[in-house]
Amino acid sequence: MSESTEPAGPGGLTTGEVARRLGVAPTTVRTWDQRYGLGPDRHTGGRHRRWTPADVARLERMCALTATGIPPAEAARLARETPAPASAPAAPPSVLPRRAPAPQAPPASRAGSGLRLGDARQECKGIARAALRLDAAALDRLLLDAIREHGLVAAWTEVIVPTLQAVGRKWESSGERYVEVEHFLSWHVSGALRRAAPDTAPDRPGASVVLACVPGDNHTLALEVLSAALAQRGIPVRMFGGALPVESLIAAVRRTGPAAVALWAQSRATASRPLAQHVAAMEWGVRGARRSPLVLTLGPGWSGRPAPGTARPHGLADAVQALEGLAAR
């Protein structure tokens, strides 16, 4: 049995449990132990090693230091030399302990890296650490685990979005220092959504959904998760991605005759109410039975009252529900 799946026993946490808490691979924890002497202070009976809250706190300091760009060897030296709080309470052996505070470190809600995550899920903190370390393998694993455990919609709303927002705030407050982290995280989120989604559903006349960003907007991630969620429900989707020109959007709608068109706008500068109304007024079909698409305006750019003839869902779950009900007619 591998350490990543063994149950917790008396005396502390397994290496696999520690790795999940930190958002790293178990091999990384073992490497830090073997190469830098960051292993458990005490040894317990049995084949597997157990980690106490003080041991985990030392590894959290290691994560926080390496996330700032300090070389691993120097980070390990500093993590060893910084004493753990003497009054840290012992955690129940079968329960994952809460983050142990480190001296002169950011609050626990910062994921050991200066990212303000508030009362976010533990998964957010692990994903944030992996993104800051530019650890591709760990990031993919954590994202897919969150999607499998919570489902696409909940994982997006409660895990991925809070982490993306925290990284974005870090970038805005730090100049250009963390732009590579935001791009890295966005790319891996996109990949995880594609891997989690089933094959594209076969087309059904009048039941497909067109997804596109308005001209001038390239924020596609929300449309990607919507596409994946609809595919899980067997709804045929045609995804056109970022900054689709007006002429191309009109042509795509005329050629496909969709049941609905979802238009994403990140800012008011790109949201075009006349465009949304024009698409909503398009018609096709034989005389006496002509049809028009339902137009959903998605994204913060459409704030305010919906454009006449369009709908504005409140979040991903509402959009999925509206489109699922439409496709079932």
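In strand β3, Leu263 is the bridge partner of Ala212. That pairing belongs to a parallel match between β1 and β3 (residues 260-264), built from five bridges. Keep in mind as you look around that this is a predicted model.

**Strand β1 and its partners**

Ala212 sits in β1, a strand that covers residues 209-213 and is mostly covered, with five of its five residues buried. Which residues of β1 lie on each side? Val209, Leu211 and Cys213 are on one side, while Val210 and Ala212 are on the other, and all of them are buried. Both faces of the strand are therefore covered, given that buried stands for under 20% relative accessible area.

β1 also has a partner in β2: three bridges join the two strands, and they run parallel. Here Val209 stands opposite Val237. To get from β1 to β2, the chain passes through helix α9 (residues 221-232), and this β-α-β crossover is right-handed.

Here are the two partners of β1 side by side:

| Partner of β1 | Residues | Bridges to β1 | Direction |
|---|---|---|---|
| β2 | 237-239 | three | parallel |
| β3 | 260-264 | five | parallel |

**Helices α5 and α6**

Now to the helices. How many residues of α5 are buried? Nine of the 11 residues in this helix (residues 122-132) are, so the helix counts as mostly covered, with buried again meaning under 20% relative accessible area. Among the buried ones are Cys124, Ile127, Ala131 and Leu132, and also the charged-type names Lys125 and Arg129. Just after α5, Leu134 takes a positive phi of about 55°.

Next comes Asp140, found in helix α6 (residues 136-150). Setting aside neighbours within four places in sequence, Asp140 is in contact with His188 and Arg195. The C-alpha atoms of Asp140 and Leu185 are separated by 9.5 Å, although these residues are 45 apart along the chain.

**The nonpolar cores**

Leu185 brings us to the inside of the model. Which residues have the most contacts inside the largest nonpolar core? They are Leu139, Trp156, Leu185, Val189, Leu226 and Leu298, in a core of 52 residues. Without counting neighbours within four places in sequence, Leu185 is in contact with Ile127, Ala131, Leu139, Thr163, Leu164 and Val167. Two of these contacts, Ile127 and Ala131, are also among the buried residues of α5. There is a second, separate core too, with 19 residues, including Ile250, Ala280, Trp284 and Val295.

Conventions:
Residues are numbered from 1 along each chain as its sequence is written. This is a predicted model: local features need pLDDT of at least 70, side-chain atom pairs count only at pLDDT 80 or more; totals for chains, interfaces and linings use all residues. Side-chain values use heavy atoms; hydrogens and water are left out. A nonpolar core is a set of buried Ala, Val, Leu, Ile, Met, Phe, Trp, Tyr and Cys residues joined through side-chain atoms within 4.5 Å. Buried means under 20% relative accessible area, exposed over 50%, partly exposed in between (1.4 Å probe, protein chains only). Contact means heavy atoms within 4.5 Å. Helices (H or I, at least four residues) and strands (E, at least two) are DSSP runs, numbered from the N terminus. Two strands pair if DSSP finds at least two bridges between them. A crossover is right-handed if, with the strands pointing away from the viewer, the path from the first strand over the helix to the second runs clockwise.
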